[in-house]
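User: I've got a model open on my screen and want to talk through some of its side chains. Can you take my questions one by one?

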There are 2 protein chains.
Amino acid sequence: MANKAFRYEQVVAKIEDTIVSLNLKAGDKVPSVRKVSNDLNFSLTTIFTAYSILEARGLIISRPRSGYYINAATKSSGNATSPDKYIPLPVDVEISTMATTMMKNALEHGVINFSILAPVNEFLPITRLNKAVQASLKELNSNNFQYPLVEGHPRLLKQIARSSFDWNKIISQNEILVTNGAMEAINLCLEAVTQKGDIVAIESPSYQGLMQSLESKGLKALEISIDPLTGLDLEKLEAALTENNVAACVFSPALNNPIGCSMPEKNKIRLVKMLNEKNIPLIEDDTLGELAFLNSRLRPAKAYDDFDNVMYCSSFSKSLAPGFRIGWVIPGKYYAKVAKLKFEANTSTNGLLQDAIGRYLESGHFDTHLKGLRKTLQKQVSKYISAVNGYFPTNVKATLPAGGYSLWVELPKNIDGVDFQRRALKKGIGICPGHIFSTSSSFHNFIRINCCPLFNNKIDNAIKSLGQILFELQ
Amino acid sequence: MANKAFRYEQVVAKIEDTIVSLNLKAGDKVPSVRKVSNDLNFSLTTIFTAYSILEARGLIISRPRSGYYINAATKSSGNATSPDKYIPLPVDVEISTMATTMMKNALEHGVINFSILAPVNEFLPITRLNKAVQASLKELNSNNFQYPLVEGHPRLLKQIARSSFDWNKIISQNEILVTNGAMEAINLCLEAVTQKGDIVAIESPSYQGLMQSLESKGLKALEISIDPLTGLDLEKLEAALTENNVAACVFSPALNNPIGCSMPEKNKIRLVKMLNEKNIPLIEDDTLGELAFLNSRLRPAKAYDDFDNVMYCSSFSKSLAPGFRIGWVIPGKYYAKVAKLKFEANTSTNGLLQDAIGRYLESGHFDTHLKGLRKTLQKQVSKYISAVNGYFPTNVKATLPAGGYSLWVELPKNIDGVDFQRRALKKGIGICPGHIFSTSSSFHNFIRINCCPLFNNKIDNAIKSLGQILFELQ
């Protein structure tokens with residue numbers, strides 16, 4: 001099985017080389033399956049499977065009775081307007097207001113949610129989690145109604161510690177602190193190692209919550225551009241760190257949000273070493289790291305941290321239950337400082353749901369769940385990509401993610417993401433403008449589409465409607 | 001399952017053999033999980049579990065980021081007398097460390113808890129709360145596993161709004177934000193209206209969590225002494241406000257912690273008016289306001305706030321479930337700012353337990369529960385006072401509280417609260433030294449005794465032991 005996957009990867013790589021050597025561009029026809037089969041000396045089936053992988057990744061698309069093309073597209077046809085029941089978006093882009101408004105629209109007003117990165121119930125192991133909560137409730141004499149320890153519930157801490165074995169790293173439960181989600185973890189790390197006015201290096205684009213947090217704490221963002229395939233450019237980073245007095249870095253080496261790219265292992269190793277040498281703490285946001293489109297998770301930078309210099313942050317919000325608000329931090333040598341700040345912020349994190357997640361993890365179902373979720377997400381994303389390729393104008397480019405929920409879509413330069421968002425909202429569709437993923441205006445013509453709602457006819461039509469708006473805006 | 005346990009026992013035995021063969025002594029480092037995994041040819045998970053079993057048995061202890069060590073307390077040669085299992089208190093009084101250590105001692109090491117203000121299970125409506133959580137779980141199609149709105153769960157917000165009728169005030173649910181406990185509410189308020197270096201007026205003594213928070217945010221405390229019967233002295237406050245440029249006040253007009261005093265209604269009215277005229281926001285910590293020894297709750301200052309200048313903070317931690325970590329804030333005219341900060345801090349508060357508390361409140365049992373709890377607490381406190389009066393030297397004075405859980409006890413000037421605390425801890429009794437309720441040393445000869453454990457012979461004996469220590473210290 002593993003051999004087979006490996007074999008396909010080799011074939012896929014060879015086909016990619018062929019495409020590069022032919023200098024093919026968007027819309028160009030790809031050599032036929034038969035031709036490639038002859039040229040590379042692989043069976044038709046093998047080449048067909050490899051092409052399907054490339055299609056799932058969005059690099060190529062198939063057209064009935066015509067063949068495969070480089071990331072090209074077609075047009076669409078009519079659809080009517082919708083009621084104006086949604087909360088209008090502010091004209092001045094203000095990230096916090098925009099984010100809460102998007103959440104309100106998605107949760108309260110039934111807007112088709114491509115905006116908030118929140119797994120729908122169908123992606124979550126709700127029945128098993130329910131049972132776990134019930135088991136926690138049954139222990140009437142337990143401490144589940146009492147103040148939990150600031151570090152977290154021992155049952156959960158132990159299971160989180162165990163999960164680090166997946167990285168081939170041993171983290172002891174004494175190194176972990178449970179938080180109210182990953183954002184709280186990141187905030188505590190920032191508070192521990194920065195002061196107002198400090199410079200913080202971040203990926204560009206980066207998760208919008210981070211941007212808000214930096215703004216609110218009076219920290220300056222130093223944006224390091226990333227490659228859609230290999231993530232952070234370490235040369236650029238090194239140059240930026242030499243020129244600036246950077247207090248901390250906040251990166252997502254395993255899987256970036258919104259692009260969904262992942263750094264090669266050797267780059268992660270170099271990154272961890274470089275930051276340790278410069279004595280700059282790396283705050284690692286690994287919220288999506290478990291959700292790569294592979295058989296197992298991608299290793300975080302923390303896996304290579306022999307220096308206790310990585311402050312690892314993650315949560316169960318994208319894999320188990322966003323509403324439980326349970327995340328954690330492994331702050332390395334900054335443990336004591338972060339623990340103190342957590343205690344001061346809100347004493348500790350609710351104990352009952354920590355206990356319940358701990359029980360769920362003990363049951364051993366999480367691995368199976370994650371494997372299923374990764375496959376589901378990969379299928380979802382590939383359906384969304386097909387729809388986007390089918391309905392959006394040909395000058396729109398969707399980046400292929402290595403995992404997660406999101407599609408990062410580049411629009412023609414003359415189309416503004418916020419304008420697009422406003423028009424989409426009028427049709428009851430929520431999308432995320434690129435503006436909120438950077439402090440600069442670099443991504444004004446980008447949008448993020450979360451592939452959260454289960455793909456069906458309604459979603460297909462919604463993407464068709466988005467395509468129509470784009471044709472109108474051209 | 002049985003097989004699995006058996007297998008662990010075998011592994012545990014093998015590790016014990018290894019330790020014996022290495023002739024390891026107390027304090028020596030135990031071979032790493034990875035090394036033992038290699039040597040004995042078991043998986044990392046198995047060895048980790050075996051080590052956890054050995055740790056639970058007290059043979060080894062783990063140290064963060066260091067590894068496992070032979071536990072000093074468990075020498076094979078005979079069992080010592082007093083099991084020094086409690087975590088020693090730091091010699092330099094550092095409020096945060098002290099507070100977390102007290103919590104650890106109370107929760108993990110079975111210390112008789114007069115230190116942490118946490119209602120025991122017997123004071124909580126656990127069965128009804130359990131049912132409420134179960135009802136929340138049953139709604140499989142609900143949004144209880146999804147991100148809650150930053151403001152809070154509508155069901156809970158509605159019930160909190162309704163509770164303001166008790167103050168003869170109408171608060172709409174749109175004025176309320178749910179938080180992870182009252183401390184988070186107070187922190188958000190401080191962040192909304194102060195900047196590093198600002199002066200904040202507080203009661204002296206005040207809740208230790210507030211002191212930590214001020215220190216951490218780089219805020220200066222202006223301590224206003226309070227009268228054990230009537231609370232804040234408004235003349236002194238007015239003078240202090242004239243002399244200092246105060247950015248905010250944090251007071252508990254309905255019921256102070258640790259003294260348990262309450263301001264007369266006319267003083268609350270004057271306080272609210274005075275601070276509004278001076279345009280200084282009043283952050284009101286009303287965590288204990290519901291627990292006066294009366295038939296109904298005491299009105300908070302917010303009840304008299306016609307100016308939207310009071311930022312009201314409270315929680316269910318002292319009345320329903322400390323471990324649920326559910327509190328709220330009514331930030332008045334600072335609502336938008338506080339909402340933004342809450343969203344940035346941790347997105348929102350866990351939804352399932354909000355829903356459950358909302359259901360519990362809807363059932364109408366909360367009022368009955370509170371009436372019962374007030375009576376229970378009054379009885380408890382009076383029994384504790386009798387014991388204190390019976391066993392402590394006559395030059396010790398306990399202040400009679402108007403409500404809540406705590407006894408504020410003044411010792412002779414020559415007795416230091418921290419010294420007393422350390423000696424009490426050796427006998428397995430946790431108390432709270434006065435130091436942590438002030439930034440000054442005004443209360444070095446005070447202690448707070450929380451009447452949390454149900455009064456019985458064991459408690460009576462514990463208070464007797466405290467009395468003995470005091471006689472020794474005289």
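User: Let's start with Arg155(A): is it buried, partly exposed or exposed?

Analyst: Keep in mind that this is a predicted model. Buried means under 20% relative accessible area and exposed means over 50%. The relative accessible area of Arg155(A) is 21%, so Arg155(A) is partly exposed.

User: Which residue does Arg155(A) form a salt bridge with, its closest N and O atoms being 3.0 Å apart?

Analyst: Arg155(A) sits in helix α6 (residues 154-163) of chain A, and its partner in helix α12 (residues 351-362) of chain A, so the pair ties together parts that are 207 residues apart in sequence. The partner counts as partly exposed, at 43% relative accessibility. The salt bridge of Arg155(A) is with Glu362(A).

User: And which residues are linked with Arg155(A) in a network of salt bridges?

Analyst: Start from the pair of Arg155(A) and Glu362(A), which form a salt bridge. The network also links an Asp and another Arg. Together with Arg155(A), the linked residues are Asp355(A), Arg359(A) and Glu362(A).

User: How many residues apart in sequence are the parts tied together by Arg270(A) and Glu235(A)?

Analyst: The side chains of Arg270(A) and Glu235(A) meet in a salt bridge, 3.2 Å from N to O. Arg270(A) belongs to helix α10 (residues 265-277) of chain A and Glu235(A) to helix α9 (residues 234-243) of chain A, so the parts they tie together are apart in sequence by 35 residues.

User: In that pair, is Glu235(A) buried or exposed?

Analyst: Arg270(A) has 34% relative accessibility and counts as partly exposed. For exposed, the cut-off is over 50%. Glu235(A) has 52% relative accessibility, so Glu235(A) counts as exposed.

User: Over in chain B, what is the distance between the closest N and O atoms of Glu344(B) and Lys340(B)?

Analyst: Both residues lie in helix α11 (residues 335-346) of chain B, four residues apart, about one turn of the helix. Glu344(B) counts as buried at 4% relative accessibility, while Lys340(B) counts as partly exposed at 24%. They form a salt bridge, and the closest N and O atoms are apart by 2.9 Å.

User: Which Lys residues gather in a patch of positive charge on the surface?

Analyst: One of them is Lys379(A), placed in helix α13 (residues 365-391) of chain A. Its relative accessible area is 56%, so Lys379(A) is exposed. The patch is made up of Lys371(A), Lys375(A), Lys379(A) and Lys383(A).

User: Moving on to rings: why is the pair of Tyr360(A) and Phe366(A) called edge-to-face?

Analyst: The structure holds 24 aromatic pairs over all chains. The rings of Tyr360(A) and Phe366(A) have their centres 6.1 Å apart and their planes at 75°. Planes over 60 degrees apart count as edge-to-face, so at 75° this pair is edge-to-face.

User: Which residues do ring pairs link into a cluster with those two?

Analyst: Tyr360(A) and Phe366(A) are both buried. Ring pairs link them into a cluster with a Phe and a Trp, namely Phe316(A) and Trp328(A).

User: What is the angle between the planes of Trp167(B) and Tyr312(B)?

Analyst: Their centres are 4.8 Å apart, and the pair is tilted. Trp167(B) lies in the loop between α6 (154-163) and β4 (177-179) of chain B and Tyr312(B) in strand β10 (residues 310-315) of chain B, so the pair ties together parts that are 145 residues apart in sequence. Trp167(B) counts as buried at 3% relative accessibility, and Tyr312(B) counts as buried at 1%. The angle between the planes is 45°.

User: Now some backbone: which residue does a cis peptide bond join to Ser204(B)?

Analyst: Most peptide bonds are trans. Here the bond is cis, with omega about 5°. The partner is found in the loop between β5 (199-204) and α8 (208-216) of chain B, and Ser204(B) is joined to Pro205(B).

User: Last one: what is phi of Asp308(A) near?

Analyst: Most residues other than glycine have a negative phi. Asp308(A) is found in the loop between β9 (282-285) and β10 (310-315) of chain A. Its phi is positive although the residue is not glycine, with a value near 60°.

Conventions:
Residues numbered from 1 in each chain as written. Chains lettered and ligands numbered in written order. Predicted model: local features only at pLDDT ≥ 70, side-chain atom pairs only at ≥ 80, totals over all residues. Heavy atoms only, no water. Patch = residues over 30% accessible without salt bridge, like charges linked within 9 Å, V, L, I, M, F, W, Y side chains within 5 Å. Areas by Shrake-Rupley, 256 points an atom, 1.4 Å probe, with all protein chains shown as cover. Salt bridge = Lys/Arg side-chain N within 4 Å of Asp/Glu carboxyl O. Lys, Arg positive; Asp, Glu negative; His and termini not counted. Charge placed at Lys NZ, Arg CZ, Asp CG, Glu CD. Helix = DSSP H or I, 4+ residues; strand = E, 2+ residues; numbered from the N terminus. Buried < 20%, exposed > 50% of the residue type's maximum accessible area, 1.4 Å probe, protein only. Phe/Tyr/Trp six-rings, centres within 6.5 Å; stacked < 30°, edge-to-face > 60°.
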